[in-house]
4 protein chains.
Amino acid sequence: MGLSAPQGEKHRRHSMVVVPMDAPGVHVERSTHVLGYRDGPHGGHAEIVYDAVRVPRDHLLGEWNGGFAIGQARLGPGRIHHCMRLIGMAERAYDLMCTRVQQRVAFGKPLAAQGVVQEWIAESRIRIEQARLLVLKTAWLMDTVGNRGAAVEISAIKVAIPEMATWVIDRAMQAHGGMGVSQDTPLPELYAQARMLHLADGPDEVHKMAMARRELRRYPTG
Amino acid sequence: MGLSAPQGEKHRRHSMVVVPMDAPGVHVERSTHVLGYRDGPHGGHAEIVYDAVRVPRDHLLGEWNGGFAIGQARLGPGRIHHCMRLIGMAERAYDLMCTRVQQRVAFGKPLAAQGVVQEWIAESRIRIEQARLLVLKTAWLMDTVGNRGAAVEISAIKVAIPEMATWVIDRAMQAHGGMGVSQDTPLPELYAQARMLHLADGPDEVHKMAMARRELRRYPTG
Amino acid sequence: MGLSAPQGEKHRRHSMVVVPMDAPGVHVERSTHVLGYRDGPHGGHAEIVYDAVRVPRDHLLGEWNGGFAIGQARLGPGRIHHCMRLIGMAERAYDLMCTRVQQRVAFGKPLAAQGVVQEWIAESRIRIEQARLLVLKTAWLMDTVGNRGAAVEISAIKVAIPEMATWVIDRAMQAHGGMGVSQDTPLPELYAQARMLHLADGPDEVHKMAMARRELRRYPTG
Amino acid sequence: MGLSAPQGEKHRRHSMVVVPMDAPGVHVERSTHVLGYRDGPHGGHAEIVYDAVRVPRDHLLGEWNGGFAIGQARLGPGRIHHCMRLIGMAERAYDLMCTRVQQRVAFGKPLAAQGVVQEWIAESRIRIEQARLLVLKTAWLMDTVGNRGAAVEISAIKVAIPEMATWVIDRAMQAHGGMGVSQDTPLPELYAQARMLHLADGPDEVHKMAMARRELRRYPTG
């Protein structure tokens, strides 16, 4: 996405083009890590230098100067897609936790018999279910009243679901002991992805601010 | 509810009868308070002495020795009813909070312009919506698969909704300043009711234990 | 405290006088409640109308137009005094909780044998100790560098100690079951006092803001 | 540390020896990761196979069959050492957070002017100070009454300080945006270390259980 009309009206200044990785002038400087996980130069988020790169006209995505609109159109679906995947990650972590605590014996009984562990399981199930239902409602709203009509709910899931997922995955790590933070389970990598989603596509704080402002419109000012 | 068949089988030992308040031998010893709120002898939960009280045979509720079954049948509906009312209380508190922060000016701007207050509003909306959806799903399950089929969900809402409600009401109290803990808003009385429901109809801890045990059945033991 | 020099310089406008309760023109309109607890007209925080009340000249506290300074001088000591009392309240609640869970049997063993209850006890002990040490350090600072030099710490305890106390007292209530929210333990009244101190002498939010601003002075702006 | 007297009395069964890395039969199988961070085969925690390794008699550490005692003697000092380092890590993260929020401008003002960010700073300062004081008190107890006399406090810091550190570091990451989870700050690596210390040297849950049991000894059972 690049600036194609610097003097254009505010939302008509950028265009999107597809740039092949092997186009002359494309240099991948480095990949950026997320909590120790790196994508490598083969993919993921990278720092890329475009040095006088040229692409054919038909590599334009959508309209000339229409880049902002494409970006906006993608935001709602992109956010809910992240949330749907986080629910899957949380269910995966939950499943690993339940499996582990039934098997692992400490102090003469399975971890599953410990009240504290039972709390993690109950709390996780409560949080996952609430998250799933809020995502489903949001999807239904997006289908029926559109992204704009579902703006509060899209922000709501963007805040709530990473919070749920990091909590559940963290408890699953704890239930695994030292193994839980190692490469022997997918848990720490799931954690890294969930943690990153407190920031990607807008940090929690911006979404909460946007939600509050919309909610407060219904109340008269002093 | 009284013991009518001490030697009967475990779930067929009690009967329920309706006792008029003015029946000879009924003494209301005192009412019990909830965080400073008292119902008075006119109602609410009271300590009552029944001293050789007799009632006509037709004051029996349901079957003789069938008291336990009546109690059980009521538990699921009673719990969801409490949760539904708590959602109403939370919405009421939310409404008072939003109204207040739009009106009240401090440090030269309405409280509603403070980021911390906006967080309370966004978080409250997120929590109320998730709570409502979980209660609605539970009601649907009770209608379609019955109280027993909805056992995990009934426990889930019995834990989650008082937690949500005490949080939202507490933030609404804070947004009102000293007025928020006084008799000038309904908030402290709502708080007392929500707090009490962490205990009534089974404390949080028992419901979480029950949830975890049911969930863990699906996982093999070591 | 009343306005004695409306045109005076900003911190020299008020004076404090002692007003006897039986002075002509003093009307106690009502007492204000805190979560259902009321002080009655005999004391506590009340709404009072002063209708052309006159007192002798020697009822003046300190200097004429020196009311603000008296109020300020009291704030630091007043706040730490509240915190010290809250630590006592938390210890009292902790003691009641430990006593109760050793005695009360449920599911065939004392509550003290439940992992979740053990967590409350350990967490409470951790929080109380940290709170006590921060209050002691603050008292030492007030003695050695004065209220102004201890400003960050006074705000810190004003936020941290009510938070600790409400948490510990709330867990003690939960450990007592329904009795825990009733008049049969001092816990709900302790809770009301601790909750009120999130607001009295400056709400949490104002103290945090003040702390942050002082802390940030050490860092250069962009 | 190996089993040297399988039939010995319970605490006299193990011995510790120093094994040079280049001793015949030593094979480093792999290193274990912590949230994506790996030590490599050059150090850190590794899975090591000892295949009929022999060392000279003077490589024995302490007494023959005295391995358990060495391990125990190290536990208290080891734990407090971890806690001291965590306080340093939290201070480092705090410093990075304050520096960042003064410099970074969003929505027309530095992040430091946002109330939510100010809360993170105030809360972080409160938590770090409380943690530091509890560690100092524990160190003083270890010096004056010994590891055994300081057992409750050692468990307390082992639980409280990683909790404080993960919270502060997490907020510092959030204050940095996407950069905060990348390799461009030390924050994610600090996070990994702090998270790991909820498990290393005894998981939180075991320390809380031990604390509660010691505390409860002072209260009579029912």
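**Figure 1. Chains D and B of the predicted model, superposed.** Chain D is brought onto chain B by a rotation of 180 degrees with 0.1 Å of shift along the axis, and the RMSD of the fit is 0.1 Å. This is the relation of a two-fold axis. The contact between these two chains is made by 4 residues from chain D and 4 residues from chain B. On the side of chain D that touches chain B there are 1 nonpolar, 2 polar and 1 charged residues. Of the interface residues of chain D, 100% are also interface residues in chain B, so the copies meet through the same surface.

**Figure 2. The interface of chain A with chain B.** Here 33 residues of chain A are in contact with 33 residues of chain B. Four helices of chain A each supply at least two residues to the side that touches chain B: H1 (67-103), H2 (115-149), H3 (151-175) and H5 (204-216). H2(A) gives the largest share of that side, 12 residues. By class, the residues of chain A on this side are 18 nonpolar, 8 polar and 7 charged.

**Figure 3. The largest nonpolar core and Ile169(A).** The core holds 216 residues. Ile169(A), Ile169(B), Ile169(C) and Ile169(D) are the residues with the most contacts inside it. For the copy in chain A, neighbours within four places in sequence are left aside. Ile169(A) is then in contact with Met89(A), Ala90(A) and Ala93(A), and also with Leu187(A), Leu190(A), Tyr191(A) and Ala194(A).

**Figure 4. Helix H4 of chain D and its surroundings.** H4(D) covers residues 187-196, and 9 of its 10 residues are buried, so this helix is largely enclosed by the rest of the structure. A residue counts as buried when 20 or more other C-beta atoms lie within 10 Å of its own. The buried residues of H4(D) include Leu187(D), Pro188(D), Leu190(D), Tyr191(D), Ala192(D) and Ala194(D). Gln193(D), Arg195(D) and Met196(D) are also among them. Helix H1 (67-103) and helix H3 (151-175) of chain D are included in what covers these residues.

**Figure 5. Strands S3 and S4 of chain B.** Strand S3 (residues 26-31) and S4(B) pair in the antiparallel sense over 5 bridges. Within this pairing, Ser31(B) stands opposite Ala46(B), a residue of S4(B). S4(B) spans residues 46-50 and is hardly covered, with 0 buried residues among its 5.

**Figure 6. The open sheet of chain C.** Its 3 strands are arranged in the order S1-S2-S5, with antiparallel pairing. S1 (2-3) and S5 (60-61) of chain C are at the edges, each with a single partner strand, so one side of each has no neighbour in the sheet. S1(C) is joined to strand S2 (residues 14-17) of chain C by 2 bridges, and the two run antiparallel. Gly2(C) has Ser15(C) in S2(C) as its bridge partner.

**Figure 7. Two loop residues with positive phi, Asn65(B) and Asp201(C).** Most residues other than glycine have a negative phi. Asn65(B) is not a glycine, yet its phi is positive, about 65 degrees. The loop that contains Asn65(B) lies between strand S5 (60-61) and helix H1 (67-103) of chain B. Asn65(B) is partly exposed, with 17 other C-beta atoms within 10 Å. Asp201(C) likewise has a positive phi, near 60 degrees. Asp201(C) is placed in the loop between helix H5 (187-196) and helix H6 (204-216) of chain C. With 16 C-beta neighbours inside 10 Å, Asp201(C) counts as partly exposed.

**Figure 8. Val206(A) in helix H5 of chain A.** Val206(A) is partly exposed and has 15 other C-beta atoms within 10 Å. Ser155(A) is 51 residues away from Val206(A) along the chain, and the C-alpha atoms of the two are separated by 8.9 Å.

**Figure 9. The domains of chain A.** The domain assignment divides chain A into domain 1 (2-61) and domain 2 (73-216). The C-alpha centres of the two domains lie 31 Å apart.

Conventions: Residues numbered from 1 in each chain as written. Chains lettered and ligands numbered in written order. Predicted model: local features only at pLDDT ≥ 70, side-chain atom pairs only at ≥ 80, totals over all residues. Core = buried A, V, L, I, M, F, W, Y, C linked by C-beta atoms within 7 Å. Buried ≥ 20, exposed ≤ 12 C-beta atoms within 10 Å, placed from the backbone. Contact = placed C-beta atoms within 7 Å. Nonpolar A, V, L, I, M, F, W, Y, C, P; charged D, E, K, R; others polar. Pairing = 2+ DSSP bridges. Domains from an automatic or database assignment. Least-squares fit on C-alpha atoms with pLDDT ≥ 70 in both.
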